[in-house]
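Please open the model in your viewer and keep the selection tool at hand. The stops below are meant to be followed in order.

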Amino acid sequence: MAGEDIIGAVYQAVLDGEEDAAGKATTAAMEAGLDPMRVLNEGGAKAIRLVGERFANFEIYLPELMLSADAMKAMMNVLLPVLKRQGTPQSRKGRILIGTVAGDVHDIGKNLVSALLAANGFEVVDVGVNVPSNRFLDEADKVQADILALSALMSTSAYYQEEIIKYLVDSRQREKYFVVVGGGPVTPEWARQIGADGYGRTAQDAVKLCEELMRLKRSQSKPEQTLVFA
Amino acid sequence: MDWIGTESAKVEFKPGGPMVVIGERLNPTGNKRYADALRRHDYETIVSQARKQAESGADVIDVNAGLPGLDEVETLAAVVKAIQSELDVPLCLDSSNSRAIEKALSVLHGRALVNSVNGEERSRNEILPLVRDYDSMVVALCLDQRGIKYDVSSRVEIAESILESCAKMGIGADRVLVDPLVLTVGSNPMAGRAFLDTLEELGRKLRVRTVAGISNVSFGLPERDQLNMNLLAMAIAYGLTACIADPLKAGIVDVVRSSDMLAGRKGATRRFLSFVRERRRE
């Protein structure tokens, strides 16, 4: 198979949510010596962007979206070791610590954002759900995160997004990380009010937001106000 | 002591009795008009949304006042006062903030349902003393610090452990409604099955009262109303004591009234017939 066809097979497998096929096609791509970043960008990431759009337009539904996310994970499982071995500047795209804040066990949206960020080349550390504020901060320090992504799906747990930012300010660490927030009850106004660096409404918005923040970071700059992608 | 409200407006949670409908609309997540009303302290709109639910068949009104940027402690108590000054309807206090629950309980007339406690140590320590001191009923969520489990035995274990903590505090099992957790079938095909199996286990084995928010099941799926109503009917067959639902959604109360009768729940036939007559008059 030509390179184009193999990448096409990866693309199709992720689009159709075929986990096994995605793993096999990606393995075939690596055996054929294709550039893993190309497989990622022109295969899985391109497919998952389309899947995200279709989901937003109610053309496909959550079960199908989840299958595509699983297929993409299968692709990433093959690509990641190769990328690491090659020392491809994957981590230079940015390291993101993501989780759902304390008192909240919702994980669907957080998992989607997590998967989409990984598909777009970010290094993602997912610390799960119901994460106490201090654990977020310990983990961020441990993995040297660039961005903290805080998910809250309940109006009552969004408070912890504020708590984490407050703690960073009080302990004079606010400059260490960009903090972005999202989730059902979270609004751009809330993000501004608590002093977050950014707000993303959908998983795709979150990717654009993180890309913009990393662009600013590379130019040793920071957002002048809360960036809103919606 | 399985009732809430006041002597003049009492709602009982009887296993085998008619399903109790807890109206879910007073929640800023997903109800923009209510969220705006909270921000503007527009209690007229809030009371009218409560009234509409009661008129449509809600036996209890759930009140959630958690809105990022608002002081939940003051807001929840203010909403409780506003509703009780106009309506005689039992309330369900929906918050994970124990200070907000406490303040609301201190201004509330009659007995309330506290929504909710879960298996975490902190939640039990904060919420249960309030339930004891204010002689309330409480919703117990089948989850703990480990998050959500899909298997029936883990969920039942958590329920048993919370019931034990309640008993130690003198809160009888008849004051607890266990929520087996409804998750979306959209992300786990066994979510509905796990809910029904847990429900059966809780009712048959532990003989506890149960409550569930039904609409989660259809998140991310098409034809949500259809899915919700079908699960509601199944849950009634499986003995669910109370549901948290939107009584203004066409068909929801119909399902409750008709399924109650079909499942042979006490007093349901009379209730179904008067419901139908009432509607024909309108």
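What follows is a walk from one strand outward to its sheet and then to the helices packed on that sheet.

This is a predicted model, in which local features need pLDDT of at least 70 and side-chain atom pairs count only at pLDDT 80 or more, while totals for chains, interfaces and linings use all residues. Residues are numbered from 1 along each chain as its sequence is written, chains are lettered from A and ligands numbered from 1 in the order in which they are written, and side-chain values use heavy atoms, with hydrogens and water left out.

**Strand S3**

Select residues 147-151 of chain A, which form strand S3; helices (H or I, at least four residues) and strands (E, at least two) are DSSP runs, numbered from the N terminus. Because 5 of its 5 residues are buried, S3(A) is largely enclosed by the rest of the structure, where buried means under 20% relative accessible area, exposed over 50% and partly exposed in between, with a 1.4 Å probe and protein chains only. Ile147(A), Ala149(A) and Ser151(A) point one way, whereas Leu148(A) and Leu150(A) point the other way.

**Its neighbours in the sheet**

Add residues 95-100 of chain A, strand S1, which runs parallel to S3(A) and is joined to it by 5 bridges; two strands pair if DSSP finds at least two bridges between them. Here Ile96(A) stands opposite Ile147(A). Next add S4(A), residues 178-182, which pairs with S3(A) in the parallel sense, again over 5 bridges. Along this pairing Leu150(A) has Val181(A) as its bridge partner, and Ser151(A) stands opposite Gly182(A).

Now show the whole open sheet, whose 6 strands lie in the order S2-S1-S3-S4-S5-S6 in chain A with parallel pairing. S2(A) (123-126) and S6(A) (227-229) stand at the edges with a single partner strand each, so one side of each is left without a neighbour in the sheet.

**Helix H7**

Select residues 159-170 of chain A, helix H7, which together with S3(A) and S4(A) makes a right-handed β-α-β unit; right-handed means that, with the strands pointing away from the viewer, the path from the first strand over the helix to the second runs clockwise. The buried residues of H7(A) include Tyr160(A), Ile164(A) and Leu168(A). Which elements do the buried residues of H7(A) pack against? They pack against H6 (133-143), S3, S4 and H8 (188-193) of chain A together with H5 (121-133) of chain B, contact meaning heavy atoms within 4.5 Å. Finally, select Arg172(A), just after H7(A), which takes a positive phi of about 55°.
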